[in-house]
Amino acid sequence: MGSAAKIPLIDMSAEVTALWDELNAAIQKVLRSGAFIGGAEVGELEKRIANYLGSKHAIALNSGTDALVIALRAMGVEAGDEVITTPFTFFATAEAVSHLGAKPVFVDVDPDTFNIDPALIDKAVTAKTRAIIPVHLFGQAAEMRPIMALAEKRGLKVLEDVAQAFGSAYGGKKLGAIGHAAAHSFFPTKNLGCYGDGGMLTTDDDRIAELSRMLRTHGAKVKYQNELVGYNSRLDTIQAAILSVKLPHLDRWLDSRRAIARRYDEGLSRLSGIVTPKRGEGLDHSFYAYTIRVTGGKRDELRAALAVDGIETMIYYPTPVHRLPLYRDAAPSMKVAERLAGEVLSLPIWPNMPEETQATVLDSLKRAVSKY
């Protein structure tokens with residue numbers, strides 16, 4: 001018999017309740033100001049994000065997807081170019097490349113970290129390659145040191161996709177301040193999320209920053225003096241105000257996510273057929289998602305059993321990007337990504353998830369596993 005209480009993949013209600021007064025005050029300030037687009041809160045957020053990450057420039061945008069597209073354009077990626085990336089990511093990573101008429105070239109992933117395998121990148125470089133997009137998947141840093149070394153050797157740009165890993169670090173530096181530019185998402189469920197769509201582009205490169213600021217406002221430095229064909233990609237002032245309220249709490253929330261992940265690790269360590277997330281040596285993990293592997297072809301059976309108990313899970317991602325209809329005729333097989341797509345299952349996790357709620361998830365998992 002299923003549990004009466006449903007446990008969601010993520011529960012944002014506690015966060016909203018705890019910050020209710022601060023959020024209301026910030027929103028009302030914007031409402032009274034009348035500056036709903038381009039208000040002072042946007043510039044203030046940019047400064048705070050740049051300072052938090054240790055990046056010279058932060059450019060607020062409408063979404064993480066726009067940040068990918070605009071960063072690639074500002075880097076000089078054009079139609080006919082090639083951009084190397086991972087097939088085990090959300091579609092937007094490759095979609096941004098295709099938006100520019102460039103070709104995403106997929107490289108298989110490490111089976112432990114789920115991130116792009118740096119050892120395979122060099123063989124994928126051609127005379128048309130212009131950039132590499134490593135994705136810090138599920139909150140874990142990709143192996144940036146070898147990627148940056150290869151990019152320097154080959155004269156390539158590196159665009160970090162930090163959509164799922166805001167606040168994570170690598171080698172003592174925050175993600176988003178390592179590559180030539182980085183794209184961040186503030187989708188509501190992310191480590192740092194607003195209450196709508198939102199994104200940010202960070203870079204230390206003055207030229208990339210200048211072009212990105214132009215591109216987000218229809219290609220103009222000065223209003224009505226358009227120099228490029230750009231986009232309308234501005235972060236709403238209310239969303240910037242919300243993010244500024246939440247940012248000071250982020251590190252505490254990330255510590256909570258890591259503590260929850262450790263409890264999952266301990267509770268699942270002896271279960272047959274369950275592979276808990278592996279942390280690459282020296283790679284920070286903020287656990288945007290706690291993603292296990294279920295071996296032996298039992299993933300869907302386990303998911304169904306958890307659903308009967310009222311526990312929501314998610315499959316990120318059921319189809320690797322290189323096997324989507326848009327790319328499958330041009331991309332070779334990626335055996336690791338394809339295997340992972342049939343095994344991964346993300347469990348409920350959010351900051352300050354009650355221990356008794358997590359215990360319920362673990363009990364359900366143990367019962368389900370014992371049956372097969």
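This is a short talk about a three-stranded sheet, a pair of helices and one buried serine in a predicted model.

Hi everyone, thanks for coming. Please keep in mind that the model is predicted.

Let me start with the sheet. Three strands make it up, in the order β12-β13-β14, and the sheet is open with antiparallel pairing. Which strands stand at the edges? They are β12, residues 274–275, and β14, residues 344–347. Each has a single partner strand, so one side of each is left without a neighbour in the sheet. Helix α10, residues 250–268, packs on this sheet and touches β12, β13 and β14. The direction of α10 makes about 20° with that of β13.

Now for the pairings, if you want to click along. β12 and β13 are joined by two bridges, in the antiparallel sense. Here Ile274 stands opposite Val294, and Val275 stands opposite Arg293. On the other side, β13 and β14 pair over four bridges, again antiparallel. In that pairing, Ile292 stands opposite Leu345 of β14.

How many of the residues of β13 are buried? Five of the five are, so the strand is largely enclosed by the rest of the structure. As a reminder, in a regular strand the side chains alternate between the two faces of the sheet. In β13, Tyr290, Ile292 and Val294 lie on one side, with Thr291 and Arg293 on the other. Both faces are covered, and yes, the buried set includes Arg293.

Next, the helix pair. Two packed helices are described by the angle between their axes and the distance between the axes. For α4, residues 64–74, and α5, residues 92–99, the axes come within 9 Å and cross at roughly 40°. The two helices are therefore oblique to each other, and their crossing is right-handed. Thr65, Leu68, Val69 and Leu72 are the α4 residues that meet α5. On the α5 side, the residues they meet include Ala92, Ala96 and Val97, along with Glu95 and His99.

Last stop: Ser55, in the loop between α3 and β1. Is Ser55 buried or exposed? With a relative accessibility of 8%, Ser55 counts as buried, because the cut-off for that is under 20%. A polar atom of the Ser55 side chain lies 3.2 Å from the backbone oxygen of His57. Beyond its neighbours within four places in sequence, Ser55 is in contact with Ala50, Gly176, Ala177, Thr202, Thr203 and Asp204.

That's my tour, and I'm happy to go back to any of these places on screen.

Methods
Residues are numbered from 1 along each chain as its sequence is written. This is a predicted model: local features need pLDDT of at least 70, side-chain atom pairs count only at pLDDT 80 or more; totals for chains, interfaces and linings use all residues. Side-chain values use heavy atoms; hydrogens and water are left out. Buried means under 20% relative accessible area, exposed over 50%, partly exposed in between (1.4 Å probe, protein chains only). A polar contact is a pair of N or O atoms within 3.5 Å; within protein, one must be able to donate a hydrogen and the other to accept it, and residues adjacent in sequence count only if both atoms are side-chain atoms. Contact means heavy atoms within 4.5 Å. Two strands pair if DSSP finds at least two bridges between them. Axes are lines fitted to C-alpha atoms, for helices over the stretch in contact, and angles run from 0 to 180 degrees between N-to-C directions. Angles under 35 degrees count as roughly parallel, over 145 as roughly antiparallel, 65 to 115 as roughly perpendicular and the rest as oblique. A crossing is left-handed if the near helix is turned anticlockwise from the far one by less than a right angle, and right-handed if clockwise.
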